Amino acid sequence: MIQRLYTWTMGLAAHRHAMWALAAVAFIESSVFPIPPDVLMIPMILAARHRAFVIAAVATLASVLGGCLGYAIGYGFMDTLGQPILEFYGKADQFDQLAARFNEYGGWAVLVAGVTPFPYKVITIFSGATQLSLPLFMGVSVLARALRFFIVAGLLWQFGAPIKAFIERWLGPLFTAFVVLLIGGFYALRYL
């Protein structure tokens with residue numbers, strides 16, 4: 001099923017309404033869809049490198065708005081919609097233990113999920129279910145999603161097709177390492 005969704009999503013990149021398709025994929029990926037918008041962004045940018053930052057802006061805006069839908073699912077529809085989505089991603093059993101401490105580190109969780117390969121949709125739902133401060137959620141979501149999409153766009157704009165394999169293989173782990181170092185640095189400053 002995931003392979004068919006991936007192939008279908010890739011096919012949207014060549015469509016004449018690709019920008020709308022990107023907005024739709026970025027929106028629903030932030031709350032339920034398993035395929036990240038990068039799959040659509042990369043071929044779109046390679047086909048029109050001069051539009052790289054417009055494409056990244058559309059992905060960012062739509063992703064943050066989709067994150068608000070995820071927040072709403074967690075806030076108002078956790079039992080009917082949120083729980084099945086978390087079960088699909090294998091995170092339902094972790095909800096109770098994470099929810100107890102989520103708001104203490106919720107902003108960091110949104111940042112981590114927003115830039116790393118961790119499913120952002122899980123954190124958007126958790127944020128609503130635990131009633132994380134909505135302004136904090138929105139602010140960190142904008143920062144995280146913009147960081148992720150504009151770095152991809154910038155690399156593709158600067159280097160073109162040769163950087164595609166690097167992005168697909170290494171950008172997720174590099175984002176993860178960056179976030180670990182960032183959080184580790186703040187932790188060190190706080191406790192040293």
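Leaving aside its neighbours within four places in sequence, which residues is isoleucine 167 in contact with? Select isoleucine 167 and look around: Ile42, Val152, Leu155 and Leu156 are the ones in contact with it, where contact means heavy atoms within 4.5 Å.

Before you go on, a word about what is on your screen. This is a predicted model, in which local features need pLDDT of at least 70 and side-chain atom pairs count only at pLDDT 80 or more, while totals for chains, interfaces and linings use all residues. Residues are numbered from 1 along each chain as its sequence is written, and side-chain values use heavy atoms, with hydrogens and water left out.

**Stop 1: the cores**

Now select Leu22, Met41, Met44, Ile45, Ile55, Leu156 and Ile167. Of the 24 residues in the largest nonpolar core, these touch the most other members. A nonpolar core here is a set of buried Ala, Val, Leu, Ile, Met, Phe, Trp, Tyr and Cys residues joined through side-chain atoms within 4.5 Å. Buried means under 20% relative accessible area, exposed means over 50%, and partly exposed is in between (1.4 Å probe, protein chains only).

Colour by helix next. The elements giving two or more residues to this core are α2 (18-29), α3 (38-47), α4 and α8, and α3 provides the largest share, 6 residues. The helix labels come from DSSP runs (H or I, at least four residues; strands are E, at least two), numbered from the N terminus. Apart from this core lies another, of 23 residues, among them Val115, Tyr120, Ile125 and Val140. In soluble globular proteins, nonpolar side chains tend to be buried together.

**Stop 2: around α5**

Select residues 78-88, which make up helix α5. Its buried residues are Met78, Gly82, Ile85 and Leu86. They cover an arc of only 100° around the axis (taken from the directions from the helix axis to the C-beta atoms), which puts them on the same side of α5. Spin the view to the face turned away from that buried side, and you'll find the exposed residues Asp79, Thr80 and Glu87.

What covers the buried residues of α5? Show α4 (52-76), α6 (95-115) and α7 (120-129), which are included in the cover. Then follow the chain on from α5 to glycine 90, whose phi is positive, near 70°.

**Stop 3: salt bridges**

Zoom in on glutamate 29. Its side chain meets that of lysine 121 in a salt bridge (3.3 Å, N to O). For the term to apply, a side-chain nitrogen of Lys or Arg must be within 4 Å of a carboxyl oxygen of Asp or Glu. The pair links distant parts of the chain, with glutamate 29 in helix α2 and lysine 121 in helix α7, 92 residues apart.

Keep glutamate 29 selected and add arginine 145: these two side chains also meet in a salt bridge, at 2.9 Å, N to O. Glutamate 29 lies in helix α2 and arginine 145 in helix α8, so this pair ties together parts that are 116 residues apart in sequence. Both glutamate 29 and arginine 145 are buried.

Next up is aspartate 38, which forms a salt bridge with arginine 148, the closest N and O atoms being 2.7 Å apart. Both of these residues are buried too. Step back, and you can see salt bridges that share partners joining Glu29, Lys121 and Arg145 into one network.

Don't leave arginine 145 yet. Its charged end sits over the ring of tyrosine 120, 4.3 Å from the ring's centre. That wording needs NZ of Lys or CZ of Arg within 6 Å of the ring centre and within 35 degrees of the ring normal.

**Stop 4: threonine 60**

Is threonine 60 buried or exposed? Select it in helix α4: threonine 60 is buried, with a relative accessible area of 8%. Not counting residues up to four places away in sequence, threonine 60 touches Val142, Arg145, Ala146, Phe149 and Phe150.

**Stop 5: the rings**

How many aromatic pairs does a search of the whole structure find? There are 4. Rings of Phe, Tyr and Trp (its six-membered ring) pair if their centres lie within 6.5 Å; planes under 30 degrees apart count as stacked, over 60 as edge-to-face and the rest as tilted.

Select phenylalanine 53 and tryptophan 157 for a tilted pair, 5.7 Å centre to centre with 55° between the planes. Phenylalanine 53 is in helix α4 and tryptophan 157 in helix α8 (residues 134-159), 104 residues apart. Add Phe150 to finish: ring pairs link Phe53, Phe150 and Trp157 into a cluster.
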